[in-house]
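Trainee: Please take one pocket and give it a close look. Then follow the chain outward from there.

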Amino acid sequence: MSSAHLHDVIVVGAGAAGSACAYHLAARGHRVLLLEAQSLPRHKPCGGGMAASVQRWFPFDLTPAVDQVIEQVRFTWCLDDPITAVLPGDSPFWIVQRSRLDQFIAQQAVAAGAQLIDAAVVETIERNGEGWTVQAGGDRYTSRAVVVADGSNSRFAAQLSLGNPKPRFASAVAVEVEAAVSEPNTARFEFGLVKHGFCWAFPRQGGYSIGVGSFIGNTDVDADAVLAQLLPSLGLAAGAGERIQSPLRVWDGHYPLHNGAGAVAVGDAASLCDPFLAEGLRPALLSGVRSAEALDRYLKADDGRQAGEALAGYSQTMRQQWGESMAWGRRIAQVFYRVPKVGYQIGIKRPTAPQRIAQILSGEMGYGDIAQRVIKRLLFQRG
């Protein structure tokens, strides 16, 4: 066993959130170790939809990792009754492949001074006096702070009392299909084929990233039956594509994303996925950026009180900038997905609705801005 290595921060997981956090900490001059269980680049099931507005959180250009720029979104009900929304020029939507995006941001972190070790499975994270000891692949590393960024199936978030102790998962299946793309600038959302949920089909270079998700209760998705209808509508064979069960760890309440000992959770490990539209990349990147800002203050704090306030500030900021909107998003989802046909008719098909959805996905607007009107409308129509 090698001797201990001292770092300011160890980030466990080099996904979008962990790599973003590592970059911003390294750029501020901190000694950062980024540990990734798999060899990069590695595949990750994900639709890859991401608002271009995330660019403002990074001083380097993200477009080398962008596969496709989406200019319009098409909604359908049982593959019929379409409505198409042209995204405003200041709210484009990007499609990325996670294997490229995650590696790209991780490389930026390394260029900023972080150390990256991939194919390093973390076995334990333990408190050690004033810091942390992380055991990975026969090596022990020590640090003053630790970032849990190990994804939806996080082994360490609950162990370190970070986030929701009983996370809620939406049932989802991810499908990658290699094919010619007929409308490369159009993202599709299909309501009606999935009980308590929806499908999405995002064009990317050389094919589609497709998902089938159910968001209410513990509904099991018969993804093959749904895809047998959806795929032919895209000009694809009914059985095409590699299918991967990919549960989404969705937002389900306000919980501290820090503990008092210098640990924070980010990304999917922090249960940030949107419970209505399944958006996960923007909150992952947001949490990476905001956690780095808080850890920078924590590492520079003069005393324990300042250090504690710095970490608490991360949880509070994520509650204000993401959680409060998601609390309304969860309420909308609970009503909408129980009466989805009504929801489609009086929600999605309203003249202003597609623009509102585009503004929510871009971050220009939160669910709280529309929730009370939408919920009243749905409840009134149902009654």
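Mentor: Four helices each give at least two residues to the lining of the second largest pocket: H5 (304-336), H6 (340-348), H7 (353-362) and H8 (371-382). The model is predicted, with local features needing pLDDT of at least 70 and side-chain atom pairs counting only at pLDDT 80 or more, while totals for chains, interfaces and linings use all residues. Residues are numbered from 1 along each chain as its sequence is written, and side-chain values use heavy atoms, without hydrogens or water. Helices (H or I, at least four residues) and strands (E, at least two) are DSSP runs, numbered from the N terminus.

The pocket's volume is about 280 Å³. Its lining counts 18 residues. Gly347, Ala353, Arg356, Ile370 and Val374 lie nearest its centre. By class, 12 lining residues are nonpolar, two are polar and four are charged. Here Ala, Val, Leu, Ile, Met, Phe, Trp, Tyr, Cys and Pro are nonpolar, Asp, Glu, Lys and Arg are charged, and the others, Gly among them, are polar. The search runs on a 1 Å grid over the protein atoms alone: a pocket is an open set of points with protein on both sides within 12 Å along at least five of seven lines, a cavity is a set where a 1.4 Å probe fits but cannot get out, and lining residues have an atom within 4 Å of a point. Points are joined across faces, edges and corners, and volume is the space filled by probe spheres set on them.

Two of those central residues also meet Met365. Met365 sits in the loop between H7 and H8. Beyond its neighbours within four places in sequence, Met365 contacts (heavy atoms within 4.5 Å) Arg356, Gln359, Ile360 and Ile370. Now step back along the chain. Leu295 is 70 residues from Met365, and their C-alpha atoms are 28 Å apart.

Leu295 belongs to the H4 side of the contact with H5. The axes of H4 (residues 281-300) and H5 come within 8 Å and cross at roughly 160 degrees. H4 is therefore roughly antiparallel to H5. Axes are lines fitted to C-alpha atoms, for helices over the stretch in contact, with angles from 0 to 180 degrees between N-to-C directions. Under 35 degrees counts as roughly parallel, over 145 as roughly antiparallel, 65 to 115 as roughly perpendicular and the rest as oblique. The H4 and H5 crossing is right-handed: the near helix is turned clockwise from the far one by less than a right angle, and anticlockwise would be left-handed. From H4 come Arg282, Pro283, Leu286, Ser287, Arg290, Ser291, Ala294, Leu295, Arg297 and Tyr298. From H5 come Ala307, Ala310, Leu311, Tyr314, Thr317, Met318, Gln321 and Trp322. This contact has 11 nonpolar, four polar and three charged residues.

H4 also packs on H1. The axes of H1 (residues 16-27) and H4 come within 8 Å and cross at roughly 30 degrees, again in a right-handed crossing. H1 brings Ala16, Ala17, Ala20, Cys21, His24 and Leu25. H4 answers with Leu281, Ala284, Leu285, Ser287, Gly288, Val289, Ser291, Ala292, Leu295 and Asp296. The split is 11 nonpolar, four polar and one charged. Ser287, Ser291 and Leu295 of H4 thus appear in the contacts with H5 and with H1.

H1 has a further partner, H2 (residues 98-111). Their axes are 8 Å apart, at an angle of about 15 degrees. That makes H1 roughly parallel to H2. This crossing is left-handed. H1 uses Ala16, Ser19, Ala20, Ala22, Tyr23 and Ala26, and H2 uses Arg98, Leu101, Asp102, Ile105, Ala106, Gln108 and Ala109. Nine of these residues are nonpolar, two polar and two charged.

Closed spaces come next. The whole structure holds two cavities of 30 Å³ or more. The second largest encloses about 30 Å³. His43, Pro45, Ala174, Glu176, Glu242 and Ile244 line it. Strands E12 (168-178) and E16 (242-245) each give two or more of them. Three lining residues are nonpolar, one is polar and two are charged.

Finally, check two loops. Leu40 and Pro41 are joined by a cis peptide bond, with omega about -5 degrees. Pro41 lies between strands E2 (32-35) and E3 (49-51). Leu79, a residue other than glycine, has a positive phi near 65 degrees. Its loop runs between E5 (72-77) and E6 (80-86).
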